[in-house]
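Trainee: I would like a close look at a single part of this model. Please take one sheet and work outwards from there.

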Amino acid sequence: MFADIPLLSLREAFSRQFRRHLKALMGSPADMANPLLFYSMVVTLFPLGLGPDPERLSAIAPGLLWVVALLSSLMVSSKLFDSDYEDGSLEQLAIAPYPLSILLMGEIAAHWLATGFLLAAVSPLFGIMLGLPAAGLGVLFYSLMLGTICLTLIGAMGSALTVSIRRGGLLMSLLIIPLNVPVLIFGTTAVSEAVIGGNPQTWLTLLSGLAMGSLALVPIAISAALRVSLDN
Amino acid sequence: MQLLSLQDVAIERGERRLLSGVHLTVEAGDIWQLVGANGVGKTSLLRALAGLAQLGVSGQIVHKQARLYLGHAPALKKSLSALDNLRCHPASDILASDEMIFSALESLNLAGYEEQPVGSLSAGQQRRVALTRLLLSQAPLWLLDEPFTALDVSGCDWLDTQIRSHVSSGGAVVYTSHQPSRFGSLQQDVDLVRYVC
């Protein structure tokens with residue numbers, strides 16, 4: 001009776017993990033709203049601190065919007081695997097008869113949809129609040145869409161490395177902020193170029209290169225890091 | 001048929017060497033109980049058998065067949081219902097239909113709790129949900145860490161029956177427990193005290 005165990009296809013295994021994580025996220029909407037709330041708070045507070053001069057605000061808007069996106073992504077990605085580690089799901093993932101990186105990609109994709117994608121989707125609204133010129137709004141959206149893919153993957157890598165360490169938050173920030181810097185520079189430059197009527201395509205291309213590169217390589221690093229974390 | 005074999009396995013945890021020289025061969029139809037005092041290394045050995053620990057483990061562990069591991073942590077998402085948890089369980093090897101899940105939960109007296117978030121169930125009921133996976137898997141080798149914890153008498157009897165029918169149909173079970181032998185002559189004990197360093 002046990003002669004041959006029908007395995008799910010990789011696509012089914014991926015989508016099963018995707019659905020599981022998305023449903024769990026939907027079950028706690030506060031966690032999902034948290035980064036957006038943080039984003040909107042910072043964007044509301046900055047004009048109060050700097051004064052309501054539209055020109056000054058629109059000059060710093062590209063950098064500000066991107067830095068806040070980076071920080072809020074850091075905030076949520078750092079806890080990506082915490083609950084899975086505590087409730088034993090990671091152990092089960094690690095011994096599942098599928099490649100760990102594929103299963104984790106399902107989980108990360110759900111996480112990105114609920115945080116990074118959502119953030120990118122509402123970012124034009126925040127851009128308008130800071131007086132970002134209309135020419136920059138579309139590029140802000142595209143650059144964040146690509147950038148949050150990188151940020152989420154890098155954050156997941158940090159989370160995988162520190163998941164077994166209590167209070168690993170600081171270590172994790174030290175580990176991954178340097179890796180986030182290129183993403184930040186490309187993204188901010190793309191938006192600034194669009195605002196001054198320059199050529200944002202170059203920077204968007206670089207960003208998508210980074211996103212594709214991390215999509216291909218980071219899952220392998222994440223699964224290796226998680227296996228080490230589970231080992232003790 | 002051999003499902004698992006261990007050759008001269010040693011287990012270290014941090015700086016401490018817990019066990020060494022462990023030999024074990026698990027054949028189809030076997031029930032092995034790992035016994036020993038708290039902290040002797042039962043869970044560590046079981047995790048090594050599952051393939052979860054590699055760094056501190058030396059020696060040879062050969063898996064011939066797929067395995068199902070149930071640890072202390074139930075691997076259930078508290079905000080999801082029992083049904084959703086089992087539908088999308090990360091390690092499950094079959095695509096369980098909803099009917100299969102419903103009838104499995106029913107056999108564990110969980111009928112009516114299928115749609116409730118697992119976090120709102122009692123500890124024993126959560127344990128039952130975790131054990132439901134035994135019915136929804138085709139893995140021949142079961143590795144169970146303290147499976148009788150938090151179960152009431154009827155739950156223990158249920159698990160007893162499952163283990164017996166599993167081994168009689170060609171599976172094998174390795175479990176840890178502080179309870180005295182439940183399976184009489186069917187089971188063999190591994191007293192880990194023998195391997196303590």
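Mentor: What follows starts with the sheet in chain B and then widens to the domains, the chain contact and chain A.

First, the ground rules. This is a predicted model: local features need pLDDT of at least 70, side-chain atom pairs count only at pLDDT 80 or more, and totals for chains, interfaces and linings use all residues. Residues are numbered from 1 along each chain as its sequence is written, and chains are lettered from A and ligands numbered from 1 in the order in which they are written.

Now the sheet. It is open and has three strands of chain B in the order E2-E1-E4, with antiparallel pairing. Strands here are DSSP runs of E with at least two residues, helices are runs of H or I with at least four, and both are numbered from the N terminus. Two strands pair if DSSP finds at least two bridges between them. The edges are strand E2 (16–27) and strand E4 (57–63) of chain B, each pairing on one side only. On average, neighbouring strands of this sheet are turned by 10° against each other, direction ignored. Such angles use lines fitted to C-alpha atoms, for helices over the stretch in contact, and run from 0 to 180 degrees between N-to-C directions.

Take E1 and E2 of chain B. Strand E1 covers residues 2–13, and eight bridges join it to E2(B), antiparallel. B:Gln2 faces B:Glu27 in E2(B). Helix H1 (residues 42–50) of chain B packs on this sheet and touches E1, E2 and E4 of chain B. Its direction makes about 130° with that of E1(B). Contact means that the C-beta atoms of two residues, placed from the backbone, lie within 7 Å.

B:Arg13 stands opposite B:Arg16 in E2(B). The hairpin of E1(B) and E2(B) has two residues between the strands, and there B:Gly14 takes a positive phi near 60°.

Strand E1 of chain B also holds B:Asp8. Its phi is positive too, near 50°, in a residue other than glycine. B:Asp8 is exposed, with 11 other C-beta atoms within 10 Å. The cut-offs: 20 or more such atoms within 10 Å is buried, 12 or fewer is exposed, in between is partly exposed, with C-beta atoms placed from the backbone.

B:Ala150 is not a glycine either, and has a positive phi of about 65°. It lies in the loop between strand E6 (141–145) and helix H5 (153–168) of chain B. With 16 C-beta neighbours inside 10 Å, B:Ala150 is partly exposed.

Next, the domains. The assignment for chain B gives domain 1 (2–65 + 140–195) and domain 2 (82–130); such bounds come from an automatic or database domain assignment. Their C-alpha centres lie 25 Å apart. Six residues of domain 1 of chain B contact five residues of domain 2 of chain B.

Between the chains, 28 residues of chain B contact 28 residues of chain A. The chain B side has 17 nonpolar, eight polar and three charged residues. Ala, Val, Leu, Ile, Met, Phe, Trp, Tyr, Cys and Pro count as nonpolar, Asp, Glu, Lys and Arg as charged, and the others, Gly among them, as polar.

Finally, the partner. Chain A has nine helices and zero strands. Of its 232 residues, 46% count as buried.
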